[in-house]
Amino acid sequence: MINESIRAKEVRVIDTDGSQLGVLPLKDALSAAAAKDLDLVNIAPNAVPPVCKIMDFGKYRFEQAKREKEAKKNQKTVDVKEVRLGLSIDTHDFETKGKNAIKFLKSGDKVKVSIRFRGREFGHPEIGLEIMARFAEFCSEYASVEKPAKMEGRNMLMFLAPKTSK
């Protein structure tokens with residue numbers, strides 16, 4: 001809340017340099033802020049009496065937006081990349097998919113490994129678990145298992161997260 005939108009009768013006022021002007025009636029605090037061509041900003045509305053500071057509110061909002069933009073720029077979004085394996089996958093295909101997963105993990109993304117069971121394959125989930133364990137072992141240098149292999153409908157899913165470098 002700023003200037004006239006403050007509803008307290010008395011407020012504790014802090015000057016622009018951080019020194020306290022004491023507890024003043026709202027009218028006096030507003031006139032002190034107006035004398036300096038600045039705003040009276042309520043920074044602690046729950047205190048008794050409420051604490052207000054004399055500052056340039058427009059400049060404060062601009063700097064706050066600038067800080068938020070800078071923080072957002074430094075954020076890294078983590079994507080989830082998917083690697084699909086077959087139940088009867090051969091060695092070379094397995095290694096190629098593993099190398100792709102390692103490439104994703106190195107770039108900081110999570111990897112979702114899935115195996116789709118078709119027809120009679122559905123009766124042999126132990127083979128899928130074996131392949132998933134082999135895949136987790138293949139990527140173990142760069143990844144840790146976030147969610148272990150688990151059947152979800154006709155698919156078996158496992159999630160790998162990149163290892164944090166220390």
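**View 1. Aromatic cluster of Phe 94, Phe 135 and Phe 138.** In this predicted model, ring pairs join Phe 94, Phe 135 and Phe 138 into a cluster. The structure holds 3 aromatic pairs. Phe 94 and Phe 135 meet edge-to-face, at 5.6 Å centre to centre and with 90 degrees between the planes. Because Phe 94 belongs to helix 3 and Phe 135 to helix 4, this pair ties together parts 41 residues apart in sequence. Phe 94 counts as buried at 4% relative accessibility, and Phe 135 is buried at 0%. The rings of Phe 94 and Phe 138 are also paired edge-to-face, with centres 5.9 Å apart and planes at 75 degrees. That pair links helix 3 to helix 4 across 44 residues in sequence. Phe 138 is partly exposed, with a relative accessible area of 32%.

**View 2. The two sides of helix 3 (residues 91-106).** The end C-alpha atoms of this 16-residue helix are 22 Å apart, in agreement with the expected span of 22 Å. Its buried residues are Phe 94, Gly 98, Ala 101, Ile 102 and Leu 105. Seen down the axis of helix 3, they fall within an arc of 100 degrees and therefore line one face. These residues pack against several elements, including strand 5 (80-85) and helix 4 (125-138). On the other side, His 92, Lys 99 and Lys 103 are exposed. Just after helix 3, Gly 108 adopts a positive phi of about 90 degrees.

**View 3. Charged groups over aromatic rings.** The charged end of Lys 147 sits over the ring of Phe 159, 5.2 Å from its centre. Arg 154 lies over the face of Phe 122, at 4.8 Å from the ring centre.

Key: Residues are numbered from 1 along each chain as its sequence is written. This is a predicted model: local features need pLDDT of at least 70, side-chain atom pairs count only at pLDDT 80 or more; totals for chains, interfaces and linings use all residues. Side-chain values use heavy atoms; hydrogens and water are left out. Helices (H or I, at least four residues) and strands (E, at least two) are DSSP runs, numbered from the N terminus. The expected span of a helix is 1.5 Å times one less than its number of residues. Buried means under 20% relative accessible area, exposed over 50%, partly exposed in between (1.4 Å probe, protein chains only). The arc is that of the directions from the helix axis to the C-beta atoms. Contact means heavy atoms within 4.5 Å. Rings of Phe, Tyr and Trp (its six-membered ring) pair if their centres lie within 6.5 Å; planes under 30 degrees apart count as stacked, over 60 as edge-to-face and the rest as tilted. A charge sits over a ring if NZ of Lys or CZ of Arg is within 6 Å of the ring centre and within 35 degrees of the ring normal.
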